[in-house]
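Colleague: I would like to go through this model with you. Tell me how each label is earned.

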Amino acid sequence: MRYLPLTDTDRADMLAKVGVDSIDDLFADIPEKVRLKDPVDLPKRTSEMQVERQLSAMAAKNTPASSVPFFVGAGAYKHHVPATVDHLIQRSEFLTSYTPYQPEITQGTLQYLFEFQTQVARLTNMDVANASMYDGSTGTGEAVLMAHRVTKRKKAVLSGGLHPQYREVVEGLSNMADGQVVSLPADPTGTEDILSQIDDETSCVVVQSPSFYGQIIDLKPIAEKAHEKGALLIAVFTEVVSLGLIEAPGTQGADIVVGEGQSIGNGLNFGGPYVGLFATRQKYVRQMPGRLCGETVDAEGKRGFVLTLSTREQHIRRDKATSNICTNSGLCCLAFTIHMSLLGQTGLGKLARINHANAVSLKKQLATVSGVEVLNKAYFNEFTVKLPKPANDVVEALAAKGILAGVPVSRLEPGKASLENLLVVAATEVNTDEDRAAFVAALKEVLA
Amino acid sequence: MSLNKQGRPTQAGDAGDSFRPTTFTGNRALDMEEPLIFEFGRLDYTGVDLDEPDSFESELGGHERKTEIGLAGLAEPETMRHYVRLSRNNYAIDSGLYPLGSCTMKHNPRLNEKMARLPGFGDIHPLQPASTVPGALELIDELAHWLMVTTGTSAVAMSPKAGAHGELCGMMAIKAAHTAKGRKPEIVLVPESAHGTNPATAALLGYKVVSIGAKDDGTVDLGALKETIAKHDGNIAGIMLTNPNTCGLFERDIMEIADLIHEAGGYFYCDGANFNAIVGKARPGDLGVDAMHINLHKTFSTPHGGGGPGSGPVVLSDRLAPYAPLPFIRKTDAGLELVETEDQTTDGEQPFGRMTAFHGQMGMYVRALSYMMSHGSDGLRQASEDAVLNANYVRVGLQDIMTLPFGENPCMHEVLFDDSFLKDTGVTTLDFAKAMIDEGYHPMTMYFPLVVHGAMLIEPTESESRAALDLFVATMRDLVMSAKRGETKRFEGAPYLAPRRRLDETGAARKPVLKWTEPAPAEVTPVAAE
C-alpha cells in the first residue's frame, strides 16, 4: 500500500523485537468474539489512477457554479478567488501542521491567526475577534450561549430575517441547553417589530443584516433598545463582502458580531468547510468561545505569538469551559487572510461596489418581467423576488434550461403559503451581462 | 565534516568555528524575520485587479459604510513571499515525525486534495437544486456506507463539523432519545482519562458530570463503575468513554461496560478519537457502542490544517438512529433523496434538529473517501496494524530508560510514558519536550491524560518507516541519557535553535494583545538594533 512504508520483512523483524509472535498478539485486549478475522466487506486497495477515475465520474454528475449563469446565494456565495490563495494554503507547512500548541515551531500559523483576528476586528469594527469558528451558523449558536453567560439570562429573540438554518441551529442548541428562544415570523422586507419583543428577561436579540432575504437592517435602534433592557445585540451576516460597502455592525452598537467568511478566499464546497467570524467587545473577551491568538515575546525579547486565554477552554476547564470547541477552521481562515491581504480595504471596496452594481442591474432587469416583484428597497448583492407561481417549480424549470437562478424560500421554510412564491437571488462579480440577459430571457419563457 | 547515512553529523558537539554574526536584518539566512502585513501594506493599494463598475447607483438605503476599515493591501509577489516565509516557521507532518499522541498526525495524501478540488465537488453550492448535484449525494452516501461498514453500525449523522461537534451531536441524540421516552436522567459518566471535550460537551447540555476512576492498569475500574451506577440508580443518561483510551490501551471490559450502562437505562457514547487503532480489527457496533464520532482528520487523513477544518460524522446504533439530525440522505427505489426539513421526514424519523447550516464538511468527505478507497478494506486493516506495531516498537526501544506507568505491556497505537525517569534530574517534562524541538522533532503530547503524572503520549502513526523510528528512538535515548547525566542546560533553555525561544505565555494572558494596533509595537529587528 503506497502510504505504508513498512515492508513485510520490517514487520517480521519489528514483531520479534517487540517480543510477540504475531500482530494479533498486540490486539489481544479486544474480546475474542468481536475481533475480526478478515478485512470488512468493502472493496480492496485501489490505485491512485483508479480512485481518480471513480471520484471524477461522481463529480462529473454535478453542475459546477462556474459552468452556468449562477445566482444562488442565501448563505454561501460564488466569488472569484485569486490563484495565489489556493497555492499558498497547500504549502505543506500550513496544510499538514497541527494546532499551534508548540509556539516555537508554529509561528507561521500563529502569525496568520493574529493577522486574521486583526482583519476581522477591523472589518466588523469590534474590539476583538477570535481565531474563527466552524462556520457562521455554529458561530451564531455559540454567540447566543455566550450572551446567556454574560447576561445570566436565558431568552434569545431571533429576527425573522435570520437565515432559517441558522435559526434551527440556535433553536436546537438552546432547547438542549435549557434556553428559551423566541423566533419571529419570516420577514422578507425588514419591517417586523422586533423592539417590542425585547424585555427584561431577554438575553440577546439576534439580527442578520443583510438579512436572509437580502434586506439591509438598521441595527442602531435595536442595539439601543437591547442595551436599555440589559440585553446584547448579536449582529449576524452571511456575506462578508457587504462590509466593504455597508456600515460595520460594531459602529451600530452590536455587542457580538458573527458571520460567515466563506466569500473571501473559500470555495462553495457544497456547504463546507467554511469559516465562522466572531468578534466582540473587549469587556466580554473572557466569555468568548474558541481559540485566541495573542502577541508576546520570547526569551530573547523577540516578538512572537501564542494561543492565549486558554483557561476558558475545554482542555483546561473541562466541564466549566465556555464551550466544548477544540478546533477552529485553520486553513479556511488562512485562505480568508491571504485573500483579504491581497484585497486590502481598497480592493474590498471595489469588489463590494461591483457586487452591488451587478445586483442593481439584475434587479432592474428582473423587475421588467411581467408578474415579478422585487421586495427589497435596501439591499447589497442579494434580494428577494416574488414570482407569480411557486418558486421551487420555477427554479427547477430554469435549472433544466441551464440556469441556476437562486434559492426558493420554500426549500428552507416549507409549508408556508406566504413564502411559497419567493425566490432569493444573489449577484456577484462573477456574473456577466450575458448571464443576466440569459436569466431574464429564460425566466420570461418559464413564466409565460 | 562527513555525514552518516541518516544525514547526521558523525561528530556531535563543537564542529569548529562557532562564530555567529549578528545580522543587520535579524534574519539568519533561510530563517527570516517577517513583519505583520499591516506593517508594510498600503491602505490605497490592492493586489487584485478589479475594474470599477461602469455605473454605480446606490440602493443601500442610506447604510453606506462611513467607518474606514483600515486594512492595507499587498501586491501578489509580496503576498506570496509573506506567507511562504511564515510557512517556513511551521513544523509539519511533511517535514518530520510528529508524534503527538491522540492527535494522529499521519501522512495526508495529495490525491485527496486533488479530488476535493474537482469542480464537481469544490464548486457546487449547498442550495442549488438537488437535481443538479446527484454526484454529491452519491459521494456522501458512499462515504456513509464505508463508515457504517467499518464501524458495524446502521446509521451515521454526517454533518458535524469537527470531533467536538460530533460529540455534541451524539450527546444531543442521546438526550433526544431520553426525552422521547419521557425520561430526564441528569448524570453522564466520564472516566478521569477522558479528553476535556467530553465533560465540556456533557456540561453544555446541562448534564452533571460524574467522574469514574481507573484501575492500576490504566483502564476503567468496573467495580467503581458499578458502585456509581448503583448510587445514581435511574439517573444515568449515559457514559462517554474513549476506546482505545487515552492511555493507549484497549478497554478490555468494554462489552461489560456497555451492558451495565444499557441495563441502567443509559447510552454508550464512544469518543472515536482513537478509532484509527482498530479500523478493520474490531467494529464499535459489535462492542455495544450507541454513538461514536469519527475524526476524519485523524483516522482518515484529512489535513489538520494548523487547527482545522475538521469533520466529525457520528455513527449511531439502531436505538439512536431515529434521532439523527437534519439533513440526511434517504435511499429510496427512485434513488437518493436529500432530507433537509422536518416536513420531508416520514414515520420513524424524528431528527432532534440541526447541527449546522447546509450539509457538513463536503470537502473533508471527498478527502476521506479518497483515502479509504485507496486503502481498501485490506489496507485500512494494515494501516491500523502498522500504527500499533510502530507504537510498540517505540515502546520497547525506550521502556528500559523511560518509565511506563502501567507496566511493560503492549499498547495500541500510542505509548504513554510518565516522568518518573526524570526524577532528580532537574529536567521537567516540558523541558524535555522542548529539547526535542532542537533535535528536529515535534514534541509528543504532554501532561495529558491527566491521570498520569507528567504524561508523555507518543503516537508515531503508520506513516513512519522503520528507519525513521530507529532515528527517533536513538534521539530520545540520547536525550534521556543526557538528562540523567545532569546536562540540564540542554533542556532548561530549549529550544535554542527554533525560530523562537520559549514564549512568555503568562505575559500574553495577563495583558492580552489580540490584534495589531498602530504604531507598530515592537522593533522588527531587535538584534540589529543592539
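Modeller: Gladly. Keep in mind that this is a predicted model. Chain B holds 14 helices and 12 strands.

Colleague: What makes the radius of gyration of chain B agree with a compact globule?

Modeller: Set the value against the rule, which is 2.2 Å times the number of residues to the power 0.38. With 530 residues, that puts a compact globule near 24 Å. Chain B has 26 Å, so the two agree. Its C-alpha trace spans about 80 × 75 × 45 Å along the principal axes.

Colleague: How many residues of chain B count as buried, and what makes them so?

Modeller: The share is 56% of the 530 residues. A residue earns the label because 20 or more other C-beta atoms lie within 10 Å of its own.

Colleague: What share of the contacts in chain B joins residues at least 24 apart?

Modeller: Among contacts between residues at least 6 apart in sequence, 72% do. A pair is in contact if the C-beta atoms lie within 7 Å.

Colleague: Now chain A. Where do its domains run?

Modeller: The domain assignment gives domain 1 as 66–80 + 344–447 and domain 2 as 83–339. In chain A, their C-alpha centres lie 27 Å apart. The contact takes 28 residues from domain 1 of chain A and 24 from domain 2 of chain A.

Colleague: Which elements give two or more residues to the domain 1 side in chain A?

Modeller: They are α10 (330–367), β11 (382–386) and β13 (422–426) of chain A. The largest share, seven residues, comes from α10(A). By class, that side of domain 1 of chain A divides into 15 nonpolar, eight polar and five charged residues.

Conventions:
Residues numbered from 1 in each chain as written. Chains lettered and ligands numbered in written order. Predicted model: local features only at pLDDT ≥ 70, side-chain atom pairs only at ≥ 80, totals over all residues. Domains from an automatic or database assignment. Contact = placed C-beta atoms within 7 Å. Helix = DSSP H or I, 4+ residues; strand = E, 2+ residues; numbered from the N terminus. Nonpolar A, V, L, I, M, F, W, Y, C, P; charged D, E, K, R; others polar. Buried ≥ 20, exposed ≤ 12 C-beta atoms within 10 Å, placed from the backbone.
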